[in-house]
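This report covers the overall build of the chains, selected backbone conformations, and the contacts between parts. The sequence and structure come first.

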Amino acid sequence: MKWLPATLAARVYALLLLVLAFAPLIFEWIDQPFYLDLLSRALILAIAVISLNLILGFGGMVSLGHAAYLGIGAYCVGIASYYDFYNGWLHLALALSVSAIFALLTGAVSLRTKGVYFIMITMAFSQMVYFTFLSLEEYGADDGLVIYSRSEFPEFISMDSSAGLYYWVFALLLASLFFVYRLVHARFGRVIVGSRFNEQRMQALGFNTYRYRLTCYVISAMMCSLAGMLLGNFTGFISPDMIGWARSGELIFMVIIGGVATFFGPLVGTLAFVVLEEALSAITVYWHLIFGLLLVALVLFGKGGIHGWLSRLERKVADHG
Amino acid sequence: MADHLLTVSHLHKHFGGIAAIDDVNLAVEQGQIHAVIGPNGAGKTTLIAQLSGQIKPDSGDIEFGGRSIVNYSMARRARAGLARSFQITSVLMPMTLLENVMLAVQGSDGHSFRFWAPVNRDARLKDAALASLAAVGLDDRAEQIAANVSHGEQRQLEVAMALAMKPRMLLLDEPMAGMGKEEGGAMVEILNRLKGKLTILLVEHDMDAVFSMADKLSVLVNGHIIATDSVDNIRNNSEVQKAYLGDSHA
């Protein structure tokens, strides 16, 4: 059957996308509207994780400050709404431009460093954002800022209903997946991936790797800020809590759970993370302990994350049959 | 005066108190294979590193095609047409041979801020890459992962990548390093085929290989060039024999 995706992993992902496309109908049918909200949150985070995977996975730039861009995107919605600007295009333009400028400035400094230093400096910059918002009394400081109305895009379906917002998120998720796929397979992506493997070699081939990596960093930040804009709309509330470095750490975990430098890994990793978090916290108040142990086990034994596991499973089945 | 593509004048490089490169002067003629020989620790790799821009010299000048490139970055020198290979095999191991060489072609084909069109269907990159692989006899291995081919083939891939950059000059840092007799022979053959078509500066340890290929030899000892001459004259130069060739070639 030629129309079937070739690998087991690809089939799983195709089925998953199909289910996601009809999720609002499914949840309505089983009368569990709460799950749609949970799924919306997961898919918003997935966009952020896809953006992180672009630099961390494909580019080898391990940033421990990516949550800052979630925060920037959300605050762009929050602060604009605070001054009674509800135009969605304005929110979008703000989220993309502010994140791009911040990423350009901080990335230009951060990318002068390598390895642990890069991790530390990206974290330091994100903490800078965190403490900035923490001290801004006008915008709620540590109490956060309530967003009373969602971004308005009169040309498209409204974000006001749960299903409306969900389809906004789903559409942007698909766009992000497709965008990263094309990017990685284009000339630009080859340079980014090559620089992860051997940066000096790439320079000897004539590539100014710094410029390409910085561009990649800015693109990733803008994508993450887009997710932040959705998150602000979704929660209707934004606080510095969203930005702290622990949040950035969670994003890294989601990348690892799904599979580093894979296209669907960030999506399945985020879904697994959010579902596990939800399920465990429903069982016991000590869920953090179990969750932590599970994450440690996953990192130790789950080589290649869920994507790697699916690929191995397929090979095993092929060997036995 | 002959037409010099690369001219090095009064190059100095100190590491701490040690003079790694001590007043090196070198002129490579267009179209020639110019070899730099010297005992271990003479500064051969340091010299290549400075020519390619990996290390900045303390003082001195490097002229390439009549223009000073001493302040150019490594990437800019590569784009100017000065391609290098590495002594320690330095290819992109997880990628296929074809992908490696395609990247090399890409590096000399304008900027790479192209975000959409897939590389796989880029006939211009692919054809040029396959031609370079064919030039070193690796065209039948194009789809292999670089990490999975033999050491000798990885060395050949290094040369294919340098060729794919369409350089005006090649800097080859011990292309025969770690090779057996047979593999080394294949490499000599590849380089001999390039002779006359490309200007090459070759740093090499294998004397027999150098004597059979080079048009001109420079002898580097303790960071200083003690002689530059034709192969025959260097062979018979008593100072060189004493400093470097020793008993085995006496």
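B:Asn222 is partly exposed, because 16 other C-beta atoms lie within 10 Å, a count between the limit of 12 or fewer for exposed and that of 20 or more for buried. In this predicted model, B:Asn222 sits in the loop that links β9 (216-221) and β10 (224-229) of chain B. Its phi is positive, about 50°, although B:Asn222 is not a glycine.

A second residue with a positive phi is found in chain A. A:Asp31, also not a glycine, has a phi near 60°. The loop that holds A:Asp31 runs between α2 (23-29) and α3 (33-58) of chain A. Is A:Asp31 buried or exposed? It counts as exposed, because it has 6 C-beta neighbours inside 10 Å.

**The sheet of chain B**

The strands β9 and β10 that flank B:Asn222 belong to an open sheet of 6 strands in chain B. The strand order is β6-β7-β8-β3-β9-β10, and the pairing is mixed. At the edges are β6 (82-84) and β10 of chain B, each of which pairs on one side only. From one strand to the next, the twist averages 20°.

Within this sheet, β7 (residues 169-173) and β8 (residues 199-203) of chain B pair in the parallel sense, over 5 bridges. One residue pair can be named for orientation: B:Asp173 has B:Val203 in β8(B) as its bridge partner. Helix α1 (residues 44-52) of chain B lies across five named strands of chain B, namely β3 (33-37), β6, β7, β8 and β9. Relative to β7(B), helix α1 of chain B runs at about 150°.

**Overall dimensions of the chains**

Chain B has 9 helices and 10 strands. Its radius of gyration is 18 Å, close to the 18 Å from the globule rule for 250 residues, so chain B is as compact as a globular protein of that length. Chain A has 14 helices and 2 strands. For its 321 residues a compact globule would have a radius of gyration near 20 Å, and the 20 Å of chain A agrees with this.

The extents below are those of the C-alpha trace along the principal axes.

| Chain | Extent along principal axes |
|---|---|
| Chain A | about 60 × 55 × 45 Å |
| Chain B | about 60 × 40 × 35 Å |

Buried residues account for 46% of the 321 residues of chain A and for 45% of the 250 residues of chain B. In chain A, 76% of the contacts with a sequence separation of 6 or more are between residues 24 or more positions apart. For chain B, 67% of the contacts between residues at least 6 apart in sequence join residues at least 24 apart.

**Domains of chain B**

How does the domain assignment divide chain B, and what are the bounds? Domain 1 is made of two segments, 1-81 + 169-250, and domain 2 covers 91-166. The C-alpha centres of domain 1 and domain 2 of chain B are 26 Å apart. Contact between them involves 10 residues of domain 1 of chain B and 10 residues of domain 2 of chain B.

On the side of domain 1 of chain B that touches domain 2 of chain B, α2 (74-79) and α6 (181-194) of chain B each supply at least two residues. The largest share there is that of α6(B), with 4 residues. By class, this side of domain 1 of chain B has 7 nonpolar, 1 polar and 2 charged residues.

**Contact between chain A and chain B**

Between the chains, 21 residues of chain A are in contact with 27 residues of chain B. Which helices of chain A each supply at least two residues of the side that touches chain B? They are α7 (162-185), α8 (187-197), α9 (199-204) and α10 (209-235) of chain A. The largest share, 6 residues, comes from α8(A). The side of chain A that touches chain B divides into 9 nonpolar, 8 polar and 4 charged residues.

Key:
Residues numbered from 1 in each chain as written. Chains lettered and ligands numbered in written order. Predicted model: local features only at pLDDT ≥ 70, side-chain atom pairs only at ≥ 80, totals over all residues. Rg over C-alpha atoms; globule rule 2.2 N^0.38 Å. Contact = placed C-beta atoms within 7 Å. Domains from an automatic or database assignment. Nonpolar A, V, L, I, M, F, W, Y, C, P; charged D, E, K, R; others polar. Pairing = 2+ DSSP bridges. Axes fitted to C-alpha atoms, helices over the stretch in contact; angles between N-to-C directions.
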